[in-house]
Amino acid sequence: MKPPAPITPDGRYLVVRGRLWRRSDPHLAPERRQALVNALMDARRAVRAALASGDAEALAAARAQVQAAKVGLGERGAVWWTDGAPDLNRHMAMNTVYGAWYDGLSGQSGHRDT
């Protein structure tokens, strides 16, 4: 079983294969978060179905639904933190302010292979 992806000390990102991915807004109400996760899963299934059917219009609509759910969760769009720190989503961890922290994970499970 694969270990969980490392999470930056400030809780803003998880690291997958060395890359930072913004986490969901921790301030979302549990019911709202679940509704958005459900919408995201539905949208991803719609993307898969549209790809299988070759329906370009349905694919565009499904991808827009994925984007809307991701923005609602705080994983895309405006950042959910308020301290003015930049968004480092999709940056390589080693090339950011998290570089030393990430390097310190070497030898721990989940480092670089996650």
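**Salt bridges, aromatic pairs and the surroundings of Asn 89**

The side chains of Arg 22 and Asp 87 are joined by a salt bridge, with an N to O distance of 2.6 Å. Arg 22 belongs to strand β2 (residues 19-22), whereas Asp 87 is placed in the loop between α2 (56-73) and α3 (99-103), so the pair ties together parts that are 65 residues apart in sequence. The two partners were assigned to separate accessibility classes: Arg 22 is buried, with a relative accessible area of 5%, while Asp 87, at 30%, is partly exposed. The model is a predicted one, and the values reported here were computed from it.

In total, five salt bridges were found in the structure. In general terms, side chains of opposite charge can pair when their charged atoms come close. A further example links Asp 42 to Arg 45, whose side chains meet at 2.5 Å, N to O. Both residues lie in helix α1 (residues 30-53), and because Asp 42 and Arg 45 are three residues apart there, about one helical turn separates them. Asp 42 has a relative accessibility of 45% and counts as partly exposed; Arg 45 is likewise partly exposed, with a relative accessible area of 42%. Elsewhere, Asp 10, Arg 12 and Asp 83 are joined into one network by salt bridges that share partners. Within this network, the closest N and O atoms of the salt bridge between Asp 10 and Arg 12 are 3.8 Å apart. Asp 10 is partly exposed, its relative accessible area being 36%, whereas Arg 12 is buried at 11%.

Aromatic side chains were examined next, and four aromatic pairs were counted. Tyr 13 and Tyr 98 form an edge-to-face pair, with their ring centres 5.7 Å apart and an angle of 70° between the planes. Tyr 13 is part of strand β1 (residues 13-16) and Tyr 98 is located in the loop between α2 and α3, so this pair ties together parts that are 85 residues apart in sequence. Tyr 13 and Tyr 98 are both buried. The pair formed by Trp 101 and Tyr 102 is tilted, with a centre-to-centre distance of 6.4 Å and 45° between the planes. Of these two residues, Trp 101 is partly exposed, with a relative accessible area of 22%, whereas Tyr 102 is buried, with a value of 2%. One aromatic cluster consists of Tyr 13, Trp 80, Trp 81 and Tyr 98.

Attention then turned to Asn 89. This residue is found in the loop between α2 and α3, the loop that also holds Asp 87 and Tyr 98. Asn 89 has a relative accessible area of 16% and is classed as buried, because the limit for that class is under 20%. A polar atom of the Asn 89 side chain lies 2.6 Å from the backbone nitrogen of Arg 22. Arg 22 is thus approached by Asn 89 through its backbone nitrogen, and its side chain meets that of Asp 87 in the salt bridge described above. When neighbours within four places in sequence are left aside, the residues in contact with Asn 89 are Tyr 13, Leu 20, Trp 21, Arg 22 and Glu 75. Among them, Tyr 13 is also a member of the aromatic cluster, and Arg 22 is the buried partner of Asp 87.

Note on methods
Residues are numbered from 1 along each chain as its sequence is written. This is a predicted model: local features need pLDDT of at least 70, side-chain atom pairs count only at pLDDT 80 or more; totals for chains, interfaces and linings use all residues. Side-chain values use heavy atoms; hydrogens and water are left out. A salt bridge is a side-chain nitrogen of Lys or Arg within 4 Å of a carboxyl oxygen of Asp or Glu. Buried means under 20% relative accessible area, exposed over 50%, partly exposed in between (1.4 Å probe, protein chains only). Helices (H or I, at least four residues) and strands (E, at least two) are DSSP runs, numbered from the N terminus. Rings of Phe, Tyr and Trp (its six-membered ring) pair if their centres lie within 6.5 Å; planes under 30 degrees apart count as stacked, over 60 as edge-to-face and the rest as tilted. A polar contact is a pair of N or O atoms within 3.5 Å; within protein, one must be able to donate a hydrogen and the other to accept it, and residues adjacent in sequence count only if both atoms are side-chain atoms. Contact means heavy atoms within 4.5 Å.
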